[in-house]
Amino acid sequence: MSADCPSREILSHVTSRWGVLVLIALSDGTQRFSELRRKINGVSEKMLAQTLQTLETDGFVDRISYPVVPPHVEYSLTPLGVEVQTQLTGLTDWVETNLHRIINQRNLRLVDKQ
């Protein structure tokens, strides 16, 4: 819980809006940038590139660049990335299963505020 604990930074990378989706998307296997962008609806090229770079720096994503024209780059999960993705899948599955309950609670709180 310490403000200067390094785990806070890693946790923010893994649980960021796009970090979760990138890790889940890569659970299907190695993919190119354009494939990831299509799969993760709504992410800009800039945000996807930044997220992939951050997750690569943290050791969760492996980037392989092939020396061809046009450039060919593939992304995949590292063993560490597979471990964290497994944990995130449990959380995202729970959210999907309980989404109706969460939405109901939101709606009740909105009614209470009125």
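Which residues does Val-61 touch, not counting residues up to four places away in sequence? In this predicted model, Val-61 touches Leu-23, Leu-26, Leu-52, Leu-55, Glu-56, Tyr-75, Ser-76 and Thr-78. That list makes a good way into the fold, and we will come back to Val-61 when we reach the core.

**Overall layout**

Let's step back to the whole chain. The protein has 5 helices and 3 strands, and its elements follow the order α-α-β-α-α-β-β-α from the N terminus on. Along the principal axes, the C-alpha atoms fill a box of roughly 60 × 35 × 25 Å. The radius of gyration is 17 Å, whereas a compact globule of 114 residues would have one near 13 Å.

Burial and surface add to this picture. Of the 114 residues, 27% count as buried. The accessible surface comes to about 8100 Å², and carbon and sulfur atoms hold 56% of that area. As for contacts with a separation of 6 or more, 46% of them link residues 24 or more positions apart.

**The sheet**

Now for the strands. Strands of a sheet pair through backbone hydrogen bonds, in either a parallel or an antiparallel way. Here the 3 strands make an open sheet in the order 1-3-2, with antiparallel pairing. Strand 1 and strand 2 are the edge strands, each pairing on one side only.

Strand 2 covers residues 61-66 and strand 3 covers residues 72-77; the two pair over 6 bridges. A hairpin of 5 residues joins strand 2 to strand 3. On the other side, strand 1 and strand 3 pair over 2 bridges, again in the antiparallel sense.

Some of the residue pairs that face each other across the sheet are set out here.

| Residue | Opposite residue in strand 3 |
|---|---|
| Arg-32 | Glu-74 |
| Arg-63 | Tyr-75 |
| Ser-65 | Val-73 |
| Tyr-66 | His-72 |

How is strand 3 placed relative to the rest of the structure, and how many of its residues are buried? Strand 3 is largely enclosed by the rest of the structure, because 5 of its 6 residues are buried.

**Gln-31, a polar residue in strand 1**

Gln-31 deserves a visit of its own. This residue lies in strand 1, which spans residues 31-32. Is Gln-31 buried or exposed? Gln-31 has a relative accessible area of 5%, and the cut-off for a buried residue is under 20%, so Gln-31 is buried.

The neighbours of Gln-31 come from several parts of the chain listed here: leaving out residues up to four places away in sequence, Gln-31 touches Ala-25, Leu-26, Leu-36, Lys-39, Val-73, Glu-74 and Tyr-75. Its side chain also has backbone oxygens at hand. A polar atom of the Gln-31 side chain lies 2.6 Å from the backbone oxygen of Ala-25, and the backbone oxygen of Gly-29 lies 3.4 Å from a polar atom of that side chain. For a sense of scale, the C-alpha atoms of Gln-31 and Met-47 are separated by 17 Å, with their positions 16 residues apart along the chain.

**The nonpolar core**

In soluble globular proteins, nonpolar side chains tend to be buried together. The largest nonpolar core in this model has 20 residues, and Leu-23 and Val-61 are those with the most contacts inside it. Leu-23 is also one of the residues that Val-61 touches, which ties the opening list to the core.

Helix 2 (17-25), helix 4 (45-57), strand 3 and helix 5 (79-113) are the elements that give two or more residues to this core. Helix 2 supplies the largest share, with 5 residues.

**A look at helix 5**

Finally, here is a residue with a more open setting. Thr-86 has its place in helix 5. Thr-86 counts as partly exposed because its relative accessibility is 46%, and partly exposed residues fall between 20% and 50%. The C-alpha atoms of Thr-86 and Lys-39 are separated by 19 Å, and these two residues are 47 residues apart along the chain. Lys-39 has appeared before, as one of the residues that Gln-31 touches.

Key
Residues are numbered from 1 along each chain as its sequence is written. This is a predicted model: local features need pLDDT of at least 70, side-chain atom pairs count only at pLDDT 80 or more; totals for chains, interfaces and linings use all residues. Side-chain values use heavy atoms; hydrogens and water are left out. Two strands pair if DSSP finds at least two bridges between them. Helices (H or I, at least four residues) and strands (E, at least two) are DSSP runs, numbered from the N terminus. Buried means under 20% relative accessible area, exposed over 50%, partly exposed in between (1.4 Å probe, protein chains only). Contact means heavy atoms within 4.5 Å. A polar contact is a pair of N or O atoms within 3.5 Å; within protein, one must be able to donate a hydrogen and the other to accept it, and residues adjacent in sequence count only if both atoms are side-chain atoms. The radius of gyration is taken over C-alpha atoms; the globule rule is 2.2 Å times the number of residues to the power 0.38. Accessible areas come from the Shrake-Rupley method with a 1.4 Å probe; for residues, only the protein chains shown count as cover. A nonpolar core is a set of buried Ala, Val, Leu, Ile, Met, Phe, Trp, Tyr and Cys residues joined through side-chain atoms within 4.5 Å.
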